[in-house]
Every structure is written in structure tokens, then in C-alpha cells.
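Trainee: I would like a close look at one part of this model, the packing of its interior and the spaces left inside. Could you take me through it step by step?

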Amino acid sequence: MKIAIILPSFLPVPAVNGGAVETLAQMFIEQNEKVGNNLNITVFSPYERKAEILSGKFTKTKFVWIKSQSISFICLNFIIRVLRRVLKLNINHLDIQIILKDIIKGNFDKVVIEGNTRHVLVLSKYINKEKLFFHVHANIINTPNETNDKIVDAVNKIITVSQFIKNMVLKNTKSLGDHINVLRNCTDTHLFNKHLYIDKRSSLRNKYEIKDEDVVIFFSGRIVREKGIIELFQALKLLPQNMKFKLIVAGSFGSNFGYKDEKTILAEELKEISMDFRDKIVYTGYIPGTEMPLLYTISDIVVTPSICEEAAGLVAIEAMSSGLPLIATNSGGLPEYVNEKCAIIINRDVNLVKNLALSLEKLIMDRELREVMGEIGRKHAQQFSTENYFNNLLEIITI
């Protein structure tokens, strides 16, 4: 069977610059390398030299690179936009033309579009509906309109990362739900396991100037307001001054996923809030996915205080798989991935900051509770393995 996976237009696979969608796609093709089957995959990915080098390890996957940052691509796409706008010519943008050329030539059995509604609307004009699948990773179908109805009607199946996202699709389209499938995200439960790296814990903590008595709180993700970073800092400010903790913030400011560190006004706000405990905060900047298991290993508590409607989020799964207790907000699809035995779930209301501080203090003070919650989380996370994800996605697109 031949499967095409069409990525969004920004980050590459292999996921050298991060990104949840890209990380999931990489885990899917990596799992395909491990199993014996006749599955041939083609990934349509934005070009990145580092990604091209790493792609050489895949024997069952072909990569079609969209070199959207090249001068020739930018110039040609500019001309196309002018022709579309001024002369009203119906010419596809260059990335679509590249994708279409290989899709038509490749005669694929299944085409999975990852997260990009524009790809769905255009490619559905040329690809048989029975072959076409749309994988929804975010809360993008959140208003009722004609465009969303067209998206739902254009594909064989909609695949959502949580029941929450499925419910949003049902609420905002005319879909009856019979062709909407929930496929929960995954992580490498073999690699995300703090016990594998226990011998490195001491040296890594020394690297970040973490003392033996410090309890490490870990925040991972883009440093943007909707991830609840302001509320987390406000909660830390409420903790007793003599409390021994260290906060590790792993991620880059802004939304560029490591391409550049956009330290905007948000950074100044965080600096102001943390005036009294700045020495307890470590900013790592963007961390490659291959190094993330090590950061979980030196951590004691993971916090995902999102104030937006998270579709799912990989951090919660990574935390549980690593054997760490979690503090999470009751946000979107997040509660579907955790339970109250391995996570403290906080409502996003006027008491959010206060309850976040109380939850942090509770876990900081109770090592035994952290270990019990971590063990339960480790067991709970096994259902989100790459093996299950691979098999479940194949089942959805082949039935």
C-alpha cells in the first residue's frame, strides 16, 4: 500500500525543528521501519538541510522536499500570487503544484493531510474522496461556516486528536460524525523513561546549577501567553520564599519553533513577575526532541497550565511516560489523556493561579506522592505508545 503524508507548510520531517505534528509524523514513519509490511510512505515536507541528512536513514519512506525558502521558489510564488490577484487566473500556488505533480504520478492508495485546511480545499479537487483523510491537530474548526462544511465533505474521514476536537467538528459543521475518528497522540514510551538516564541525573542537574535539595518544576513548549506561562509565574510568586525549587522553561519565545528566539514584551512581563525568584528559573531555549527525555529525567514535576483550548498536547504524555507527576489545566482535550491518580487537574477560572500555587506546593512538599503519581502515570502512558498509534492510524485509513 502506498501512503502520502502531506505536512503543514512550515516545519520539516524529520522533526529537526520540533513541532507536535511533525514529531508524530516522524514517529509513524520510524515505526514503519521496524515492522515487516509492504507499506511505502511518501512524506511531503518543507525543506531543511538537517532534515534531508537525517532522512537518509529511512528505507521505506520517500521524501518530497518543498523548498519554499529558496529564491527561485519565492520569486515564482510571487508571480503566481500577482497573476491570481490581478488577472484572476486560477493558478495553484507552487507548493500545491509540486505536491499535485507527485500525488498524481505516484498513484497513492491513501493521502493523509496533516492539519492544513488549504491543502484539503485545493487537493480535494484532484484526489478521489475515498483516498483522502484530514488529520486535525488543533481547534481549527471552531466556528460554523461554509468553508468548514466543505472541508468535512471533501474527505473520506476526519481524524481528530481528541474527543474534544471531534465534538468541535460536530458542533460547527453539518457532519453526523460517522466519518470522524479519534486518534490520540503518542510518544516513544521506550525513550521517555527517567529510569533509563538515572546515571546522568546528577551531572545534568549540575549543568543547570540545580542543588540536591531543589525540586525541579518543568515547563515545556512555546513561550506564548496561551500556554499559561504568565499564570505559572504568578503561582510561583505565591510560594513560600524559603521553598527549594527550580523552574526549567524549555522552549523558545514566540511561535517559530526554534528558528529564532522572539523575546517580545512577554519576556519583560515574566522578568518583572519573577523579580524575587529569578535565580530559581532556567531558560534553556529550544531543545531538540532527542534531548527532551534527559530534561524530564532531571525534573520532579511537570506543569502544563494552558489557558487556551489545547487539542491534546504531547507534553502530558511525555511527562507520564517519563514517570513524573503532572499538573494540568482542564483545557480542551488534555483531560482525556490523564487521570486524577497521575495528574492534578485545575479549572481555568478566577482561582487558577491560587490553585496552581497550592498544587505546586503540595507536590513540592510530598516526595512520596510525586513518586506514586509518577509510577501510575508511567503505566497509564503505555496506551499512548508509538506502536499503538501506528496500528490505530492504519486501521482508520484502511477500513
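Mentor: Happy to! Let's settle the terms: a residue counts as buried under 20% relative accessible area, as exposed over 50%, and as partly exposed in between. Please keep in mind as well that this is a predicted model.

Two residues outside the interior show the scale at work. Glu-209 has a relative accessibility of 62%, so it counts as exposed. Its place is the loop between helix 8 and strand 8, and its phi is positive, about 55 degrees, although Glu-209 is not a glycine. Asn-107 is likewise exposed, with a relative accessible area of 53%. This residue sits in the loop between helix 4 (94-106) and strand 4, and the phi of Asn-107 is near 50 degrees, again a positive value in a residue other than glycine. A loop residue can be at the other end of the scale, too: Phe-253, in the loop between strand 9 (245-250) and helix 10 (265-273), is buried, because its relative accessible area is 5%.

Now to the interior itself. The largest nonpolar core has 95 residues, and those touching the most other members are Phe-28, Ile-103, Val-111, Tyr-296 and Ile-397. Helix 15, residues 386-398, gives the most to this core, with six residues. Apart from this core lies another one, of 35 residues, including Leu-236, Ala-267, Leu-356 and Leu-363.

Let's follow two of those well-connected residues, Phe-28 and Tyr-296, through their rings. With ring centres within 6.5 Å as the cut-off for a pair, the count comes to eleven aromatic pairs. In one of them, Phe-28 and Phe-390 are tilted, with 4.9 Å from centre to centre and 35 degrees between the planes. Phe-28 belongs to helix 1 and Phe-390 to helix 15, so this pair ties together parts that are 362 residues apart in sequence. Both Phe-28 and Phe-390 are buried.

The pair of Phe-218 and Tyr-296 has its centres 4.9 Å apart and its planes at 85 degrees, so it is edge-to-face. Here strand 8 (residues 215-220) holds Phe-218 and helix 11 (residues 292-297) holds Tyr-296, so the pair ties together parts that are 78 residues apart in sequence. Phe-218 and Tyr-296 are buried as well. Once neighbours within four places in sequence are left aside, the contacts of Tyr-296 include Phe-192, Phe-218, Val-302, Val-315, Ala-319 and Leu-324, along with Ser-220, Glu-318 and Ser-322. Elsewhere, ring pairs link Tyr-47, Phe-58, Phe-63 and Trp-65 into a cluster.

What about the spaces left inside? The structure holds two cavities of 30 Å³ or more. The largest cavity has a volume of about 60 Å³, and its lining brings back names from the core: Ile-3, Ile-5, Ala-25, Phe-28, Val-112, Glu-114, Tyr-389, Leu-393 and Ile-397. At least two of these residues come from each of strand 1 (2-6), helix 1 (20-34), strand 4 (110-114) and helix 15. Helix 15 gives the most to this lining, with three residues. By character, the lining divides into eight nonpolar residues, no polar one and one charged.

The second largest cavity holds about 40 Å³ of space. Around it are Met-27, Glu-30, Gln-31, Lys-34, Asp-188 and Thr-386, and helix 1 gives the most to this lining, with four residues. The division there is one nonpolar, two polar and three charged.

For a view of an open space, turn to the second largest pocket, with about 460 Å³. Its lining has 21 residues, and Lys-194, Arg-201, Asp-300, Arg-367 and Glu-371 lie nearest the centre of the pocket. The elements giving two or more residues to this lining are helix 8 (201-207) and helix 14 (367-380). The largest share, six residues, comes from helix 14. Four residues of this lining are nonpolar, five are polar and twelve are charged.

To pull the threads together: Phe-28 is among the core residues that touch the most other members, it pairs with Phe-390, and it lines the largest cavity. Helix 15 gives the most residues both to the core and to the lining of that cavity. I would start there on your screen.

Note on methods:
Residues numbered from 1 in each chain as written. Predicted model: local features only at pLDDT ≥ 70, side-chain atom pairs only at ≥ 80, totals over all residues. Heavy atoms only, no water. Core = buried A, V, L, I, M, F, W, Y, C linked by side-chain atoms within 4.5 Å. Buried < 20%, exposed > 50% of the residue type's maximum accessible area, 1.4 Å probe, protein only. Contact = heavy atoms within 4.5 Å. 1 Å grid on protein atoms, 1.4 Å probe; cavity = no way out; pocket = protein on both sides within 12 Å on 5 of 7 lines; lining within 4 Å. Points joined across faces, edges and corners; volume = space filled by probe spheres on them. Nonpolar A, V, L, I, M, F, W, Y, C, P; charged D, E, K, R; others polar. Phe/Tyr/Trp six-rings, centres within 6.5 Å; stacked < 30°, edge-to-face > 60°.
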